[in-house]
Amino acid sequence: METARVLVAADKFKGSLTAVQVAERVTAGLRRIAPEVPVETLPVADGGDGTVAAAVAAGFERREARVTGPLGDPVTAAYALRDTTAVVEMAEASGLQHLPEGVFAPLTATTYGSGELLLAALEAGARTIVFGVGGSATTDGGAGMLAALGARFLDADGKPVGPGGGGLADLASADLSGLDPRLTGVDLILASDVDNPLTGPKGAPEVYGRQKGATEEDIAVLDAALAHYASVLGPDHARLPGAGAAGGIGYGALVALGARFRPGIEVMLDVLGFAPALARATLVITGEGSLDEQTLHGKAPAGVAAAARAAGIEVVAVCGRLALPPEALGRAGIRRAYALTELEPDPAVCMAEAGPLLERAAESIARDFLR
């Protein structure tokens, strides 16, 4: 019989455990039941928040920069660097985590700091930049990011338009000639788990505006402002997959920076060295906080399971809550899922005690698959 080897490649449990902590807890549970089985961990992310942490766990160096937060205040943002490859996470600079509790700025929040973070990666010598976009507090079409990189967005009086998506309603002209020339020598990969266009019923304001505090009126204003912005910069790119990612920052990267869009989990599996780790494994454990319909559309566990299934390697999943029937899991390449709510039905307790519960779930996996 083949010697068992486990690869733990799970995403974070949002609000409870980081991807690194998930890997540690699963490993601890497995070792209690099957101490002789080698376990390799590779925390994963799909381009959203947690992407830099996953890169650092895989051996990248963590770097920090002081940049402009979404409300205009300075924040400290991290990126990851290995050789000439950088992993930049827009949420580190322009994410919802930088908003005070209950404070939103749907019309004025800016991605300027994301541009500054890209500049920091350029300064550090990056020639390939994986730009993970998700978890944004912004809906400015990436205009703030481009302004930080040297673009100018002017109103009819020749003055810079105001920050955020709301300010783009006043846009009369855009000058991209001042963009940092180093950008032309960089392979910029737009890594996202969403493929929405910029505007319209599936666009950034309509689909994601409410979680950033936008009212119905704000959404209409932002949709019109972004459509106007795209008419000035180039309407064709607005319809491309990923243009609507992270409040339209995808559009800014595609239209002005020559970025190419790839599903975030695919890019991250490449960058993190998943293929060689997978080749060493006989069982893969993946997962995230909630295994649901969204998981099947480009989230990390689906990407991990697809790659493992292609290699003929069995996959099981761990999660906080499970909202997928067994047949949907099977189609995704997941043999079985272990939900923490099966061990503790109270969601609040489940979130608070996620670590110990996850160890117990991992013990069950060891009994079921390693014994």
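Helices (H or I, at least four residues) and strands (E, at least two) are DSSP runs, numbered from the N terminus. We're working with a predicted model, where local features need pLDDT of at least 70, side-chain atom pairs count only at pLDDT 80 or more, and totals for chains, interfaces and linings use all residues. Residue numbers start from 1 along each chain as its sequence is written, and side-chain values use heavy atoms, with hydrogens and water left out.

**Exercise 1. Find the helix that holds glutamate 206, then work out whether this residue is buried, partly exposed or exposed.**

Step 1. Glutamate 206 sits in helix α7, residues 204–208.

Step 2. Buried means under 20% relative accessible area, exposed over 50%, and partly exposed in between (1.4 Å probe, protein chains only).

Step 3. Glutamate 206 has a relative accessible area of 30%, so it's partly exposed.

Step 4. Now for its contacts (heavy atoms within 4.5 Å). Leaving aside neighbours within four places in sequence, glutamate 206 touches Gly200, Pro201 and Ile219.

**Exercise 2. Trace the open sheet of 5 strands and name its edges.**

Step 1. Two strands pair if DSSP finds at least two bridges between them.

Step 2. The order is β2-β1-β11-β12-β13, with parallel pairing.

Step 3. β2 (39–41) and β13 (336–339) pair on one side only, which makes them the edge strands.

Step 4. Zoom in on β1 (residues 6–8): 3 bridges join it to β2. Here valine 6 stands opposite valine 39 in β2.

**Exercise 3. Say which strands helix α16 touches.**

Solution. Helix α16 (residues 354–369) packs on the sheet against β11, β12 and β13.

Definitions and conventions
Axes are lines fitted to C-alpha atoms, for helices over the stretch in contact, and angles run from 0 to 180 degrees between N-to-C directions.
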